[in-house]
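Trainee: I should be grateful for a close look at a single part of this model, with an account of how that part is placed in the chain around it. Please choose the starting point and proceed one step at a time.

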Amino acid sequence: MITRFFSKALIGLVSVTLSLFSSYKGIDVSFENFQYKIKSSQVCFMTNLTKPFTKEAEDLFKSGEKIKIFFNLTIRRGGTIIVEDEYIHSIRFDTMKQKFLFYKSEENKYFEIKNFRELVKDVSKYEYKIDLEDVKGNISFKLEAHLGKIHIAPLEREYNLMALWNWSKPYLEKNIEVE
């Protein structure tokens with residue numbers, strides 16, 4: 001009974017949020033604070049997205065639908081691709097626990113997060129670890145992010161979440177010498 005009430009309340013809230021979606025002006029998101037650190041025999045590349053979600057997006061995240069952020073990574077040395085992979089940060093709100101469930105595929109780990117502000121901070125961070133020997137020398141590091149679509153079953157509609165990012169994919173490209 002309580003679950004049905006929460007579900008109907010969330011559907012109503014999401015309906016209102018999504019009706020505003022068509023007139024929503026997205027935000028410009030980019031990568032910032034790129035760095036890499038060498039620790040023993042591994043290199044850790046780190047960056048984060050600049051404020052990828054506004055407070056207004058919180059209702060959408062609390063819809064209970066799975067929201068995905070895709071990160072496409074390519075590392076090259078010369079003309080050779082060393083890494084070409086896609087990593088996903090997925091988020092689903094648990095209405096019973098009133099917490100966000102967050103999964104980072106690059107770490108293969110799940111997290112429970114209490115509030116939206118903390119969630120935005122955590123989903124914005126991207127880290128990739130690789131053996132030093134695999135990337136030693138002059139390399140090209142390319143990273144692109146984009147949002148997936150969600151389907152709200154009770155509304156029988158699909159929404160492309162890239163509208164939140166002003167239809168623009170954040171992109172980072174760095175040429176670096178790893179020694």
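Mentor: Glutamate 173 counts as partly exposed, because its relative accessibility is 40%, a value that falls between the limits of 20% and 50%. Please keep in mind throughout that the model is predicted. Glutamate 173 belongs to strand β11, which covers residues 171-178. Its side chain makes a polar contact of 3.0 Å with the side chain of tyrosine 171. Beyond the residues up to four places away in sequence, glutamate 173 touches Ser140, Phe141 and Lys142.

A further relation leads from this strand to a distant part of the sequence. Glutamate 173 and phenylalanine 31 are separated by 142 residues in sequence, yet their C-alpha atoms are 9.8 Å apart. Strand β1, residues 31-39, also contains lysine 37. With a relative accessibility of 48%, lysine 37 is likewise classed as partly exposed. The C-alpha atom of lysine 37 is 9.5 Å from that of valine 178, although 141 residues along the chain lie between the two positions. Such relations may be set beside a figure for the whole chain: of the contacts between residues at least 6 apart in sequence, 61% join residues at least 24 apart.

From lysine 37 we may move to the next strand. Apart from residues up to four places away in sequence, lysine 37 touches Gln42, Val43, Cys44 and Met46. Strand β2 comprises residues 42-49, and threonine 47 is one of its members. Threonine 47 is buried, because its relative accessibility is 5%, and buried means under 20%. A polar atom of its side chain lies 2.8 Å from the backbone oxygen of glutamate 32. When neighbours within four places in sequence are set aside, the contacts of threonine 47 include Phe31, Glu32, Asn33 and Phe34. They also include Leu172, and β11, where we began, spans residues 171-178. Ser124, Lys125 and Tyr126 are further contacts of threonine 47, and these direct us to the next elements.

Strand β7 consists of residues 125-131, and its two faces differ in cover: Tyr126, Tyr128 and Ile130 form the covered face, whereas Lys125, Glu127, Lys129 and Asp131 form the uncovered one. A general rule helps in reading this pattern: side chains in a regular strand alternate between the two faces of the sheet. Strands β2 and β7 run antiparallel and are joined by seven bridges. Within this pairing, glutamine 42 has aspartate 131 as its bridge partner in β7.

Helix α3 comprises residues 116-124, and Phe116, Leu119, Val120, Val123 and Ser124 are buried there. These residues lie on the same side of α3, because they cover an arc of only 125° around the axis. The general reason is that an α-helix has 3.6 residues a turn, so residues three or four places apart point the same way. Exposed residues Arg117 and Lys121 are carried by the face turned away from the buried side of α3. At the start of α3, a side-chain oxygen of asparagine 115 comes within 3.3 Å of the backbone nitrogen of arginine 117.

The buried side of the helix leads to the interior. Phenylalanine 53 touches Phe116, Val120 and Val123, and its contacts beyond four places in sequence also include Ile27, Phe61, Leu147 and Trp165. Phe53, Phe45 and Trp165 have the most contacts inside the largest nonpolar core, a set of 47 residues. In soluble globular proteins, nonpolar side chains tend to be buried together.

Another contact of phenylalanine 53 is Ile69, and strand β3 spans residues 67-77. Strand β3 pairs in the antiparallel sense with strand β4, residues 80-94, over eleven bridges. Asparagine 72 stands opposite glutamate 86 in this pairing. The two strands form a hairpin with two residues between them, and glycine 78 in the turn has a positive phi of about 65°. Strand β4 also runs antiparallel to strand β5, residues 99-104, through six bridges, one of which pairs histidine 89 with lysine 104. Four residues lie between the strands of this second hairpin, where glutamine 98 takes a positive phi near 55°.

To place these parts in the whole, the chain has four helices and eleven strands. Of its 179 residues, 43% are buried. The chain exposes about 10300 Å², of which carbon and sulfur atoms supply 48%.

Methods: Residues are numbered from 1 along each chain as its sequence is written. This is a predicted model: local features need pLDDT of at least 70, side-chain atom pairs count only at pLDDT 80 or more; totals for chains, interfaces and linings use all residues. Side-chain values use heavy atoms; hydrogens and water are left out. Buried means under 20% relative accessible area, exposed over 50%, partly exposed in between (1.4 Å probe, protein chains only). A polar contact is a pair of N or O atoms within 3.5 Å; within protein, one must be able to donate a hydrogen and the other to accept it, and residues adjacent in sequence count only if both atoms are side-chain atoms. Contact means heavy atoms within 4.5 Å. Two strands pair if DSSP finds at least two bridges between them. A nonpolar core is a set of buried Ala, Val, Leu, Ile, Met, Phe, Trp, Tyr and Cys residues joined through side-chain atoms within 4.5 Å. The arc is that of the directions from the helix axis to the C-beta atoms. Accessible areas come from the Shrake-Rupley method with a 1.4 Å probe; for residues, only the protein chains shown count as cover.
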